Amino acid sequence: MPILPRQATYRILDASINRATEGLRTLEEYARFVQDDAAANACFKSLRHDLTTAVGRGIDRQRLIESRDTPGDVGTEIREPTEYVRSSSQKVIAAASARIAQSLRVIEEYGKTIDGRFAAEVEQIRYRAYQACASLELAAFTSERTTQLAEAKLYLLIDGGESEQEYTASIERLAKAGVDIFQLRDHSLDDRTLYLRARVGAAVARRLGRLFIVNDRADIAVAADADGVHVGQDELPAAAVRAIIGDRRLLGISTHSIEQAKEAIDDGADYIGCGPVFAGRTKQFDAYVGPAFLQQVAQSISIPAFAIGGIDQSNLSEVMAAGCDRIAVTGAIRDAEHPVQAAESLKQHLLCQSEAREST
Ligand SMILES: Cc1ncc(COP(=O)(O)OP(=O)(O)O)c(N)n1
Ligand SMILES: Cc1ncsc1CCOP(=O)(O)O
Ligand SMILES: [Mg+2]
């Protein structure tokens with residue numbers, strides 16, 4: 001005795017099979033055209049093919065097609081506003097992965113009422129799909145981070161703020177004003193508060209499509225699910241940081257000479273900080289590298305390099321004249337009368353410089 005009218009079961013199966021194959025195709029295209037990953041591309045293709053074969057063997061195609069009634073489907077009108085928004089390709093992957101998992105489960109469950117062997121075959125496909133989707137989603141996360149880093153111009157070092165609310169509101173305002181990367185650098189916080197601020201800051205930054213880095217503390221960067229960590233010359237060496245953060249998070253290293261910059265690349269840094277260029281109010285130094293170091297970096301360093309130290313609107317042209325169009329700042333924004341306007345203005349100048357360079 002069927003648990004549902006056969007027609008309804010076939011309608012469910014038809015819709016879910018379409019959903020699953022569309023989701024698999026979405027990931028197949030990402031693996032092929034975005035990741036250039038032949039193995040992942042082949043994996044999704046074979047999942048799609050195996051599902052189609054299983055359906056061909058276990059389900060009567062004519063009944064599937066006959067059951068289709070798109071105009072009479074009460075579900076086609078129901079849409080969540082979020083279905084129309086994917087703020088990044090990584091979100092496309094996440095949505096497609098969820099759709100695949102759900103629809104394979106639906107096919108399996110309703111398939112059991114038609115043919116147990118078919119349901120068992122779909123179950124195996126579902127397990128393979130879980131694994132393949134998770135790998136692609138992780139790879140998408142990593143490549144999105146790298147792309148965001150490559151495009152970043154304005155990097156802001158922030159403290160933990162007066163309260164969590166003030167801190168998150170400030171990140172939101174400044175992200176909208178054009179800050180690409182936030183770094184939590186606050187030596188006054190206890191570990192618990194540092195972790196909590198890092199966690200909430202990383203979540204807010206991710207929602208807004210910005211990167212979030214933790215200063216000095218690889219352990220907190222991982223625990224808070226931040227995008228990476230920044231270390232100086234006297235802190236944990238790169239290999240030790242990598243052992244904690246893995247390959248998927250970003251590693252930034254401070255450099256004060258061209259030799260250190262080259263060493264940072266050899267050690268696997270994703271980006272470098274170059275400074276201190278000028279004297280500023282945030283941190284005092286005995287010596288400054290000046291724009292000459294930035295010029296050396298521009299000529300011979302291939303990874304993103306952020307000039308840091310006393311940079312503001314008054315000396316930005318010197319930094320840019322040295323060939324550097326990425327900066328990391330604190331005081332220029334924190335101490336400005338209007339921090340949002342200061343961020344907007346710095347960003348605008350940096351972008352103008354990059355565009356001018358690209359067009360020559
Ligand atoms: C982007 C960036 N560049 C340089 C630094 C300085 O790091 P470090 O030399 O380790 O000094 P502290 O920040 O730890 O005082 C940075 N934080 N970020
Ligand atoms: C942490 C750090 N490292 C080199 S300069 C600097 C401080 C950057 O702040 P500011 O932009 O206010 O000089
Ligand atoms: Mg440090």
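Trainee: Why is Cys 274 called buried?

Mentor: In this predicted model, Cys 274 has 31 other C-beta atoms within 10 Å. A residue is buried if 20 or more other C-beta atoms lie within 10 Å of its own, exposed if 12 or fewer, and partly exposed in between, with C-beta atoms placed from the backbone. The value of 31 meets the condition of 20 or more, therefore Cys 274 is buried.

Trainee: On what conventions do such statements rest?

Mentor: Residues are numbered from 1 along each chain as its sequence is written, while chains are lettered from A and ligands numbered from 1 in the order in which they are written. As the model is predicted, local features need pLDDT of at least 70 and side-chain atom pairs count only at pLDDT 80 or more, whereas totals for chains, interfaces and linings use all residues.

Trainee: What makes a residue a contact of Cys 274?

Mentor: Two residues are in contact if their C-beta atoms, placed from the backbone, lie within 7 Å. Leaving aside neighbours within four places in sequence, the contacts of Cys 274 include Thr 255, Ala 261, Val 289, Phe 293 and Ile 308. Cys 274 itself belongs to strand E6 (residues 271–274); strands (E, at least two residues) and helices (H or I, at least four) are DSSP runs, numbered from the N terminus.

Trainee: What is notable in the peptide bond between Gly 275 and Pro 276?

Mentor: That bond is cis, with omega about 0°. Pro 276 is located in the loop between E6 and helix H11 (290–300).

Trainee: Is Leu 174 buried or exposed?

Mentor: Leu 174 has 23 other C-beta atoms within 10 Å, so it is buried. The residue sits in helix H6 (residues 164–176) and touches, among others, Leu 156, Ile 333 and Ala 343. Leu 174 and Ile 333 are 159 residues apart in sequence, yet their C-alpha atoms are 9.1 Å apart in space.

Trainee: Why is Thr 146 placed in its exposure class?

Mentor: Its count is 14 other C-beta atoms within 10 Å, and Thr 146 is therefore partly exposed. Thr 146 lies in helix H5, with its C-alpha 9.3 Å from that of Arg 248, a residue 102 positions away in sequence.

Trainee: Which exposure classes hold for Asp 36 and Asp 225?

Mentor: Asp 36 has 9 C-beta neighbours inside 10 Å and so counts as exposed. Asp 225 has 13 and so counts as partly exposed. Asp 36 has a positive phi of about 50° although it is not a glycine, and it occupies the loop between H1 and H2. Asp 225, in the loop between helix H8 (218–223) and E4, likewise is not a glycine and has a positive phi, near 55°.

Trainee: How do you know that the buried residues of H2 line one face of the helix?

Mentor: The buried residues of H2 are Cys 43, Phe 44, Leu 47, Arg 48, Leu 51, Ala 54 and Val 55. Seen down the axis of H2, they fall within an arc of 130°, so they line one face; the arc is that of the directions from the helix axis to the C-beta atoms. An α-helix has 3.6 residues a turn, so residues three or four places apart point the same way. Helix H1 (6–34) and helix H5 (116–151) are among what covers these buried residues. The face turned away from the buried side carries the exposed residues Ala 38, Ala 39, His 49, Gly 56 and Arg 57.

Trainee: What span is expected of H2?

Mentor: The expected span is 1.5 Å times one less than the number of residues. H2 (residues 38–58) has 21 residues and reaches 30 Å from its first C-alpha to its last, close to the expected 30 Å.

Trainee: What makes a residue part of the shell around ligand 1?

Mentor: Its C-beta atom, placed from the backbone, must lie within 6 Å of the ligand. For ligand 1, 17 residues qualify, the closest being Gly 232, Ser 254, Gly 273, Ile 308 and Ala 328. Strands E1 (154–158), E4 (228–231), E5 (250–255) and E7 (305–308) each give two or more residues to that shell. By class, the shell has 6 nonpolar, 7 polar and 4 charged residues. Here Ala, Val, Leu, Ile, Met, Phe, Trp, Tyr, Cys and Pro count as nonpolar, Asp, Glu, Lys and Arg as charged, and the others, Gly among them, as polar.
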